[in-house]
Amino acid sequence: MSGEGKVVCVTGASGYIASWLVKFLLQRGYTVKASVRDPNDQRKTKHLLALDGAKERLYLFKANLMEEGSFDSAISGCDGVFHTASPVIQSATDPQAEIIEPAVKGTLNVLRSCAKVSSVKKVIITSSMAAVLINGKPLTPDVVVDETWFSDPVLCERLKIWYAASKARAEKAAWDFAKENGVDLITIHPGVTLGPLLQPTINDSVSLIMNLTNGPQTFPNRVYSYHDVRDVASAHIQAFEAGSTSGRYFLSGYIAHISELLKILQQLYPSITIPQRCENDEPFMQKYQVSDLKEKSLGILHSIPLEVSLRDTVESLKEKGLFSV
């Protein structure tokens, strides 16, 4: 248990990736200071308090992304910080106020609190491939996306891809702040994250897939990289524990057209109906490659097959009464 005696903070701890991160950190012996919007909201915290080791080493703190200083108490005395809290919504009445501002201001508020605490050795931010891929460059089979790629937030906003705009702007703000204030920063970039849910409600990445079953007539003409939530959480911890980490780490995962994913899902669950037609008549979007050199340098492996992630997603949703087949 390499985390024994160490204290870390996880922001947005009741979220999908964050919940697994808290679970694995507790398993490794860490003391976890978890920030949530309302520690008294049992619907959001009950699953965290039920984790092995939570009674002894999990502490909940109230914090709000938009309030400077609200993360101070959660981060005080920590050896490291995992910042996962950020709005994960695709559309809004006021995208600037509801998606972009909380992502950027929240990231800066967390980093300001980190900069006040000399014990914080490393800050890991959960970013996204959405902060990488949308820059006008073509994505074709011979293209290898590496850590030099950044999404263009102006292009994202013009295309009304608000989540990508928020992640791109938040990441740029984070790197600027880290450089100016000497913060040792790492960003982790997963794509579409699947696998079992610890929290009681369905999250955005899982609903992306589930919403395409049992009803819709068409599927999007999109290629994504897919990851298991357990592998993503483990990658965060490996990035923190490795001594020589720095910069951005893309998770390569399984790159597939969404139609392939739906076919795997139907093979696993023949009673599920999937759309048979694409949303447009254009050729299928081509696959691309994501460089795995940096993640391999950390020893990050995608150990959970895509079929297992999909099966475990459905079984978890069934168990929580969120999906029926």
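**Exercise 1.** Work out whether D152 is buried, partly exposed or exposed from its relative accessible area, then place D152 in the fold.

Solution.
- Start with the classes: under 20% relative accessible area is buried, over 50% is exposed and anything in between is partly exposed, using a 1.4 Å probe and protein chains only.
- D152 comes out at 31%, so it is partly exposed.
- A word on the model before going further: it is predicted, so local features need pLDDT of at least 70, side-chain atom pairs count only at pLDDT 80 or more, and totals for chains, interfaces and linings use all residues. Numbering runs from 1 along each chain as its sequence is written, and side-chain values use heavy atoms, with hydrogens and water left out.
- Next, the location: D152 sits in the loop between β6 (144-145) and α6 (153-158). These labels are DSSP runs numbered from the N terminus, with helices being H or I of at least four residues and strands E of at least two.
- Now the neighbours: leaving aside residues up to four places away in sequence, D152 touches I134 and N135, where contact means heavy atoms within 4.5 Å.
- Finally, a distance: 18 Å separates the C-alpha atoms of D152 and V290, which are 138 residues apart along the chain.

**Exercise 2.** Lay out the open sheet of 7 strands and find its edge strands.

Solution.
- The strand order is β3-β2-β1-β4-β5-β7-β11, with parallel pairing. Two strands count as paired if DSSP finds at least two bridges between them.
- β3 (58-62) and β11 (247-250) are the edges, as each pairs on one side only.
- On average, neighbouring strands of this sheet are turned by 20° against each other, direction ignored. Axes here are lines fitted to C-alpha atoms, for helices over the stretch in contact, and angles run from 0 to 180 degrees between N-to-C directions.
- At one end, β7 (residues 185-189) and β11 pair in the parallel sense over 4 bridges, and T187 stands opposite R248 in β11.
- Two helices lie across strands of the sheet. α2 (residues 42-49) crosses β2 (31-36) and β3, running at about 160° to β3. α5 (residues 95-115) crosses β1 (7-11), β4 (80-83), β5 (122-126) and β7, at about 175° to β4.

**Exercise 3.** Explain why β1 and β2 are largely enclosed.

Solution.
- Count for β1: 5 of the 5 residues are buried, so the rest of the structure largely encloses this strand.
- Count for β2: 5 of the 6 residues are buried, so β2 is largely enclosed too.
- Recall the general pattern: in a regular strand, side chains alternate between the two faces of the sheet.
- Apply it to β1: V7, C9 and T11 are buried on one side, and V8 and V10 are buried on the other, leaving both faces covered.
- Check the register: β1 and β2 run parallel and are joined by 4 bridges. V8 has V32 as its bridge partner in β2, while V10 stands opposite A34.

**Exercise 4.** Describe the largest cavity by volume and lining.

Solution.
- The idea is simple: rolling a probe the size of a water molecule over the atoms shows where empty space is left.
- The count is 1 cavity of 30 Å³ or more, a cavity being a set of points on a 1 Å grid over the protein atoms alone where a 1.4 Å probe fits but cannot get out, with lining residues having an atom within 4 Å of a point.
- The largest cavity has a volume of about 80 Å³, that is, the space filled by probe spheres set on the points, with grid points joined across faces, edges and corners.
- Its lining includes H83, S86, T107, I125, K167 and E171.
- α5, β5 and α7 (162-181) each supply at least two lining residues, and α7 gives the most, with 3.

**Exercise 5.** Find the phi values of K160 and N214, and state how accessible these residues are.

Solution.
- The baseline: most residues other than glycine have a negative phi.
- K160, in the loop between α6 and α7, has a positive phi near 60°. Its relative accessibility is 57%, so K160 counts as exposed.
- N214, in the loop between α8 (204-210) and β9 (218-219), has a positive phi of about 55°. At a relative accessible area of 39%, N214 is partly exposed.

Definitions and conventions
1 Å grid on protein atoms, 1.4 Å probe; cavity = no way out; pocket = protein on both sides within 12 Å on 5 of 7 lines; lining within 4 Å.
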